[in-house]
Amino acid sequence: MKSIFPSFNPDLDQSRGVVIESNQSATQFTGVTEGQQTPDGALAAGGNTDRDTLYIKKLPESRLAKYRRFEEMAQDSTISTILDIHLTNAFSTDIKNGMAVTLQPKSEADAELCKKLQAEVLKPINDNILNWGRSTCIFGANYIRVHAKEKVGITAFEANYYTLPSNIREYHKCGQLAGFTSENLKKKDNSGNVELAEPWTLIPLKLPNWTPSTTKEPVRFGTTQFSLYETIEERIPEETQDYGVSLLEPCFESWCQVREGLSSLQASRKNASHIDRFVSVNTAGLDTGRAAEYINMITDQLRRDKEQANRKIAKSGVQPTVWNSVIPVMGDKGSVTIDTQAVDPNIQHIEDIMFYFKRLCGAAGVEPSMVGFSDTLSGGLGDGGFLRTSIQSALKAHLLRSAAQKFIERAIDIHCAFKYGKVFTDDNRPYSLRFNSMSTAIAAEEETAKETRANYATLVATVLDAIEQGAMGKSETFKTYLYNNILELEPELTKKVLAELKAGAEQAEQAAMTESVKSIIDDTVLDLIINSENKENE
């Protein structure tokens, strides 16, 4: 385990107190927020009242407060569809084996080991990668509890509420993972105290696109000043700021604008569905008592009609759209005037909402036509064309696959350490990870790329064979320049190829000489036999 986690030292880390976040309340925004009201008056807020201020919603700085916003966004139907598109694009399963990620052995000798690792480690990961990846897309990171035994390896993966990033804190030393803390990572034999858990207790599934802030310094404990000269043994574990970046973080501002625009659109449509009926009751010439009695008689009749209509509406499941209002006026005695007013929704010009929605799709990395707006479909984007040609979709898939690759390699290292007592380094891993084609369109693109590479290899082999057969093949300097600078081969590989070509040429020359000598001998022996037979006949 020391080779996997060089910064973990149980003799030092476990004896030091590690502060865990006990208060998970969200911190407030910096500056003016919607919850802060400025006093009314011409002199307030530089001459502007609160109603004159335009607020631009931004994400809070607190990690836990962000998670609440992201969770709310993920429940939106459009955002949910966008997440499904990116997940299925990056982790599409193979029709034959039903797996999104497989192990490919680098040699025949490693085939049996890769087969075992795929059955013991890759199979449960493939069964849950979409669920784990969805939480990673929403929060930027996700943690998986690993259960392992000696001589057995990993026995189970656990992911639930208690392993969400909101309940986990990750600690590093000199850029290396040192361990985790959580209220749910307490050992019974330690009186319930929170200690730094081993770094192999959890495996992070984290998007690798985090950028440090120039204004937010990491929280440190102690009186000593931070120094980059400190070694791993001297450094105290510190909570990392790298908890990944959610795919929803760049979408927050445009998502708020889209939601506000849709709310306004819905309110306009709802107001337009109501019809205001104004009943003008003329009370000219009536005293106060008779006027009140007259108006009450009309309103009681309208109320009874309304109640009867509501009982019928309750059975049919529709809502009333006509609102009655009684207004006393001074006019002809005993006359009643009824007037209706309807509101025009005026929603035919919604380009501003479409502008916000396009910003949302641009930040999320999808085409608007893929989330319901098929009328904006442009040529070539159907049938997976967008996922085939868009650099945005490729970047999102690359982020998810990079996170999955690191997760799988860490899981295999922990499994091999527990089961075999050894681990593989990045230089001697006997396998390579292979992700399934992201879609039918991408599969076709990969086949086209393979055909192009095959044609290129054939062309290169033809040119090199022609050079070897000609006068230029006798110049080792020219061939070295051709292989290293033109074909961009490694120098060691070039030397090996030239040595094999030279050995092959010598063997071919020796074989040709042997064949020539054999032919001469055969011809000579045949001539002797013929001459001998001729003499005997004479």
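Two strands are taken to pair if DSSP finds at least two bridges between them. The model described here is predicted. In it, strand E2 (residues 141-149) and strand E3 pair in the antiparallel sense over five bridges. Across this pairing, arginine 145 stands opposite glutamate 158 in E3.

**Sheet and packed helices**

The E2-E3 pair belongs to an open sheet of three strands, ordered E3-E2-E6, with antiparallel pairing. Strand E3 (153-158) and strand E6 (202-206) are the edge strands, and each of them pairs on one side only. Averaged over the sheet and with direction ignored, neighbouring strands are turned by 35 degrees against each other. In general, the strands of a sheet pair through backbone hydrogen bonds, either parallel or antiparallel.

Two helices are described against this sheet. Helix H4 (residues 111-139) lies across E2, E3 and E6, and runs at about 150 degrees to E2. Helix H9 (residues 391-419) also packs on the sheet and touches E2, E3 and E6. The direction of H9 makes about 165 degrees with that of E6.

**Helix H3 against helix H4**

H4 has a further neighbour in helix H3 (residues 77-90): the axes of H3 and H4 come within 10 Å and cross at roughly 125 degrees. Because angles of 65 to 115 degrees count as roughly perpendicular and those over 145 as roughly antiparallel, the crossing makes H3 oblique to H4. H3 passes H4 in a right-handed crossing. On the H3 side the contact is made by Ser80, Leu83, Asp84 and Leu87, which meet Leu130, Gly133, Arg134, Cys137 and Ile138 in H4.

**Salt bridges**

Side chains of opposite charge can pair when their charged atoms come close. The count for this model comes to 12 salt bridges. Three of them are set out below, with the distance between the closest N and O atoms.

| Basic residue | Acidic residue | Closest N and O atoms |
|---|---|---|
| Lysine 419 | Glutamate 120 | 2.7 Å |
| Lysine 123 | Aspartate 127 | 3.1 Å |
| Arginine 429 | Aspartate 413 | 3.1 Å |

The salt bridge between lysine 419 and glutamate 120 links distant parts of the chain, with lysine 419 in helix H9 and glutamate 120 in helix H4, 299 residues apart. Lysine 419 counts as partly exposed at 22% relative accessibility, and glutamate 120 counts as partly exposed at 28%.

The salt bridge of aspartate 127 with lysine 123 lies within helix H4, where the two residues are four apart and therefore separated by about one helical turn. Aspartate 127 is partly exposed, with a relative accessible area of 48%. Lysine 123 is partly exposed too, at 39% relative accessibility.

Where do the partners arginine 429 and aspartate 413 lie? Arginine 429 is in the loop between H9 and strand E11 (431-435) and aspartate 413 is in helix H9, so the salt bridge ties together parts that are 16 residues apart in sequence. Buried means under 20% relative accessible area. Arginine 429 is therefore buried, with a relative accessible area of 9%, and aspartate 413 is buried at 6%.

Beyond these pairs, Arg63, Arg169 and Glu239 are joined into one network by salt bridges that share partners.

Technical notes:
Residues numbered from 1 in each chain as written. Predicted model: local features only at pLDDT ≥ 70, side-chain atom pairs only at ≥ 80, totals over all residues. Heavy atoms only, no water. Axes fitted to C-alpha atoms, helices over the stretch in contact; angles between N-to-C directions. Contact = heavy atoms within 4.5 Å. Salt bridge = Lys/Arg side-chain N within 4 Å of Asp/Glu carboxyl O. Buried < 20%, exposed > 50% of the residue type's maximum accessible area, 1.4 Å probe, protein only. Parallel < 35°, antiparallel > 145°, perpendicular 65-115°, else oblique. Left-handed = near helix turned anticlockwise from the far one by under 90°.
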